[in-house]
Amino acid sequence: EDPLTISKSVKLVAQGKVVICATGGEATVSILKGEVSFTGFSIKQKKSRARGAFLVNGGSLTLNNCKVSSVASSTITVKNDSVVDIKDSVIKARGGNAVTATQQSQINCEKTCFCKCKLTALSLRSSTLGTVKQCVLFENSQTGISVTDQSQVSIDSCLLINCSIEIASTGETNIVKGTTIDKTFGSVGISINL
């Protein structure tokens with residue numbers, strides 16, 4: 001139940017059902033540097049007013065076949081020039097965004113479900129680069145994917161149900177292809193500003 005702080009390269013593979021669940025006010029897992037990967041874990045942050053399940057301040061994080069959730073803040077917060085790869089996972093955010101990426105970070109999501117987010121499933125800010133491929137986004141209260149500032153995103157072969165894509169970025173290239181947007185509750189599927 002204690003939070004983890006990782007500052008070196010490590011590969012963690014769950015044998016059976018393994019849950020990391022911090023109950024304090026810190027992020028469940030904080031990554032400062034190194035190449036870090038989790039395979040087959042359930043990572044949770046259950047305390048309100050906490051920092052979420054992951055705080056990536058440096059290095060890289062790879063999530064394979066993981067379930068990640070939090071009840072406060074962003075479930076996964078990515079800063080600086082960090083790189084996060086998420087594949088075959090489920091990301092939930094009952095208190096905020098599923099993923100918030102800022103500064104010059106990079107997010108790559110493939111075959112992942114983003115659901116039950118109080119705010120946005122994927123929020124790209126500053127000069128972030130994002131790739132979202134073959135993902136499903138549903139039951140997100142506000143927006144599926146939000147791209148602001150100078151961020152750029154490529155959305156390919158995704159399904160968005162009851163959520164939309166909002167691009168308010170001056171980034172050079174934002175791509176949406178092969179994607180289905182269904183049941184937007186009367187709002188537009190894709191909103192583009194700037």
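Reader: Why is Ser 146 called buried?

Author: A residue is called buried when its relative accessible area is under 20%, exposed when it is over 50%, and partly exposed in between, as judged with a 1.4 Å probe on protein chains only. Ser 146 comes to 12%, and therefore it falls under the limit of 20% for a buried residue. The model is a predicted one, in which local features need pLDDT of at least 70 and side-chain atom pairs count only at pLDDT 80 or more, whereas totals for chains, interfaces and linings use all residues. Residues are numbered from 1 along each chain as its sequence is written, and side-chain values use heavy atoms, with hydrogens and water left out.

Reader: Where does Ser 146 lie, and what is it in contact with?

Author: Ser 146 belongs to strand S17, where a strand is a DSSP run of E with at least two residues, a helix is a run of H or I with at least four, and both are numbered from the N terminus. Contact means heavy atoms within 4.5 Å, and by that rule Ser 146 touches Thr 120, Leu 122, Ser 123, Leu 124 and Glu 166, once its neighbours within four places in sequence are left aside.

Reader: How do you know that S17 and S20 are paired, and in which sense?

Author: Two strands pair if DSSP finds at least two bridges between them. Strand S17 (residues 143–149) and strand S20 (residues 165–169) have 5 bridges in the parallel sense, so the requirement of at least two is met. Across this pair, Thr 148 stands opposite Ala 168 in S20.

Reader: What makes the phi of Asp 149 worth a remark?

Author: Most residues other than glycine have a negative phi. Asp 149, found in strand S17, is not a glycine and yet has a positive phi of about 60°. Its relative accessible area is 37%, which lies between the two limits, so Asp 149 is called partly exposed. Asn 65, in the loop between strand S6 (60–64) and S7, also has a positive phi, about 55°, although it is not a glycine; its relative accessible area of 53% is over the upper limit, so Asn 65 is called exposed.

Reader: Is Thr 102 buried or exposed, and where is its place?

Author: Thr 102 sits in the loop between strand S11 (99–101) and S12, and its relative accessible area of 17% is under the lower limit, so it counts as buried. Beyond four places in sequence, its contacts are Val 78, Lys 79, Asn 80, Arg 125, Ser 126 and Thr 128. Thr 102 and Thr 148 are 46 residues apart in sequence, while their C-alpha atoms are 9.9 Å apart in space.

Reader: How many strands does the open sheet have, and in what order?

Author: The open sheet has 9 strands in the order S1-S3-S5-S8-S11-S14-S17-S20-S23, and their pairing is parallel. Strand S1 (4–6) and strand S23 (190–193) each have a single partner strand and stand at the edges, so one side of each has no neighbour in the sheet.

Reader: Which bridges join S4, S6 and S9?

Author: S4 and S6 pair in the parallel sense over 5 bridges, with Leu 61 as the bridge partner of Val 36. S6 and S9 also run parallel and are joined by 5 bridges, among them the one between Leu 63 and Ile 86. Strand S9 (residues 83–87) pairs in turn with strand S12 (residues 106–110), in the parallel sense and over 5 bridges, and there Asp 85 has Asn 108 as its bridge partner.

Reader: What makes a group of residues a nonpolar core, and which residues have the most contacts inside the largest one?

Author: The term stands for a set of buried Ala, Val, Leu, Ile, Met, Phe, Trp, Tyr and Cys residues joined through side-chain atoms within 4.5 Å. The largest such core has 44 residues, and Phe 38, Ile 43 and Phe 54 have the most contacts inside it. Its largest share, 4 residues, comes from strand S4 (residues 35–45). Ile 43 touches residues including Ile 20, Val 29, Phe 38, Phe 54 and Val 68.
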